[in-house]
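User: Hi! I am new to reading protein models and would like some help. Could we go through one together, feature by feature?

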Amino acid sequence: MFVDEVEIQVAAGHGGRGALSFRREKFVPRGGPDGGDGAPGGSVYLLTNPNLNTLLNFRFQKIFEAGRGGHGEGSNRRGKNGSDIELQVPIGTVVYEKRDDEFVQVADLTDDGQRVMIAKGGLGGHGNATYATSTNRAPRKTQPGLPGEEKSLRLHLKLLADVGLVGYPNAGKSTMISRISAARPKIADYPFTTLVPNLGVVGLSGDRSFVVADVPGLIEGAHSGHGLGTRFLSHLERTKVLVHIVDVSSASGRDPVEDYEVIKRELELFPGRDASGERLADKPVIVAANKIDALDEPERLKKLRSHLLECHVPLHAVSAAAGDGLPPLLEAVWREVVAARERAAAMTSVADPVAE
Ligand SMILES: Nc1nc2c(ncn2[C@@H]2O[C@H](COP(=O)(O)OP(=O)(O)OP(=O)(O)O)[C@@H](O)[C@H]2O)c(=O)[nH]1
Ligand SMILES: [Mg+2]
């Protein structure tokens, strides 16, 4: 099951209180203060795990509490530290914290093994031994532990893929990803077979690779909720290149040029932006004219080709099922991915001139 948005509560542990105690020993009258300090409470961390691709774990358990710090004790014994907890999340998880009824983004976990503290444990209090001075040898002062932070969080998974496959239902997106990667989503000849996004890694010669996301099909009016709506388009926000798959066989009963224009419009109407402010419609697009093995009316491909030529959008005629035309398509996609990675790297070095 794919879950990409959850709300949870996290509570760090309270600090332990400092002890009030005096040394009592035979033959040692008025032994000094020996109340130990309380220990800090445990903190709550989020840690990315590359083997996860859903927030499903948080669907059932929603409250997470770290351990409280132990109280100080006599004989200057310090309490035991509260135990930390680590919540594992998929890479691409964006974390929002509720502040004054508004969720504010506090972290974006995009790296493998990235760990962030999300709620800090409270400090332990001092025991009375701390307060002994030359003028006050028997202090009775102690400190309570401080409370741990408590937070309401919203976790939103936005998959991290280099390339997004978009298109009408049945266009062949899942067939494509199963041909070019090890992903094995369900493929069937009815619309809306794919109900959740799938990720696959495409390996090219050398050690070149990129990640592809197959998302559920779009239809006209998706931006206003038709079909599965745009719920899954947020998973394409962070892609660098879109491959728009258009069915050019006559099986769809629609016109390929119109299909292309309809989906293009839906992408334009999607309001989401990536971190650099780029919209889906700003991303480079490569069109894969699919099902050429079943191209019963070559006119359909020709019309699409000349339409895209006018729009300066590259087209590759392919058969995702038979594999025809896929190598040159993947090379073209790779070139766009590299160009986009270079643009992103240039932007980071402008933003942070110290990082060479
Ligand atoms: N002849 C032919 N059929 C294809 C080709 N690619 C996909 N198909 C068929 O088209 C149908 C839909 O394929 P899918 O890969 O499930 O399409 P999809 O775009 O993932 O569809 P949704 O998940 O519903 O959005 C299946 O019956 C496939 O076998 C192709 O290159 N040639
Ligand atoms: Mg599919």
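User: Let's begin with the aromatic rings. How many aromatic pairs does the count come to?

Analyst: Happy to help! Please keep in mind that this is a predicted model. The count here comes to 2 aromatic pairs. Take Phe58 and Phe64: their ring centres are 5.7 Å apart and their planes meet at 70 degrees, so this pair is edge-to-face.

User: How do I read those two values?

Analyst: In general, a pair of aromatic rings is described by the distance of the centres and the angle of the planes. For the angle, planes over 60 degrees apart count as edge-to-face, and Phe58 with Phe64 is at 70 degrees.

User: Are Phe58 and Phe64 buried or exposed?

Analyst: The idea is to look at relative accessible area, where under 20% means buried. Phe58 has 3%, so it is buried. Phe64, at 9%, is buried too.

User: What share of the residues in the chain is buried?

Analyst: Buried residues make up 46% of the 356 in the chain. Helix 1, residues 173–180, is mostly covered, with 7 of its 8 residues buried. Among them are Met176, Ile177 and Ile180.

User: And what can I say about the overall form of the chain?

Analyst: Start with the elements: the chain has 4 helices and 14 strands. Its radius of gyration is 29 Å, well over the 21 Å that the globule rule gives for 356 residues, so the chain is more spread out than a compact globule. You can set that beside the spans of the C-alpha trace along its principal axes, about 105 × 45 × 35 Å.

User: Which residues does Gly15 contact, leaving aside its neighbours within four places in sequence?

Analyst: Let's first find Gly15, which sits in the loop between strand 1 (5–11) and strand 2 (44–48). Gly15 is buried, at 3% relative accessibility. Its contacts include Ala39, Pro40, Arg68, Gly122 and Leu146. For the chain as a whole, residues 24 or more positions apart account for 73% of the contacts with a separation of 6 or more.

User: Where does Arg115 lie, and what does it touch?

Analyst: Arg115 lies in strand 7, residues 115–119. Not counting residues up to four places away in sequence, Arg115 touches Tyr45, Leu46, Leu47 and Glu86. Look at Arg115 and Leu46: they are 69 residues apart along the chain, yet their C-alpha atoms are separated by 5.6 Å. Arg115 counts as partly exposed, at 43% relative accessibility.

User: I have also heard about phi angles. How should I read them?

Analyst: Here is the general idea: most residues other than glycine have a negative phi, and most peptide bonds are trans. Now try Asn76, which is not a glycine but has a positive phi of about 55 degrees. Asn76 is in the loop between strand 3 (63–65) and strand 4 (85–89), and is partly exposed at 48% relative accessibility. Lys291 also has a positive phi, near 70 degrees. You will find Lys291 in the loop between strand 13 (285–290) and helix 3 (298–311), partly exposed at 23% relative accessibility.

User: One last topic, charge. How many positive and negative side chains does the chain have?

Analyst: There are 43 positive and 46 negative side chains, and the centres of these two sets lie 11 Å apart.

How values were computed: Residues are numbered from 1 along each chain as its sequence is written. Chains are lettered from A and ligands numbered from 1 in the order in which they are written. This is a predicted model: local features need pLDDT of at least 70, side-chain atom pairs count only at pLDDT 80 or more; totals for chains, interfaces and linings use all residues. Side-chain values use heavy atoms; hydrogens and water are left out. Helices (H or I, at least four residues) and strands (E, at least two) are DSSP runs, numbered from the N terminus. The radius of gyration is taken over C-alpha atoms; the globule rule is 2.2 Å times the number of residues to the power 0.38. Buried means under 20% relative accessible area, exposed over 50%, partly exposed in between (1.4 Å probe, protein chains only). Contact means heavy atoms within 4.5 Å. Lys and Arg count as positive and Asp and Glu as negative; His and the chain ends are not counted. The place of a charge is taken as NZ of Lys, CZ of Arg, CG of Asp or CD of Glu. Rings of Phe, Tyr and Trp (its six-membered ring) pair if their centres lie within 6.5 Å; planes under 30 degrees apart count as stacked, over 60 as edge-to-face and the rest as tilted.
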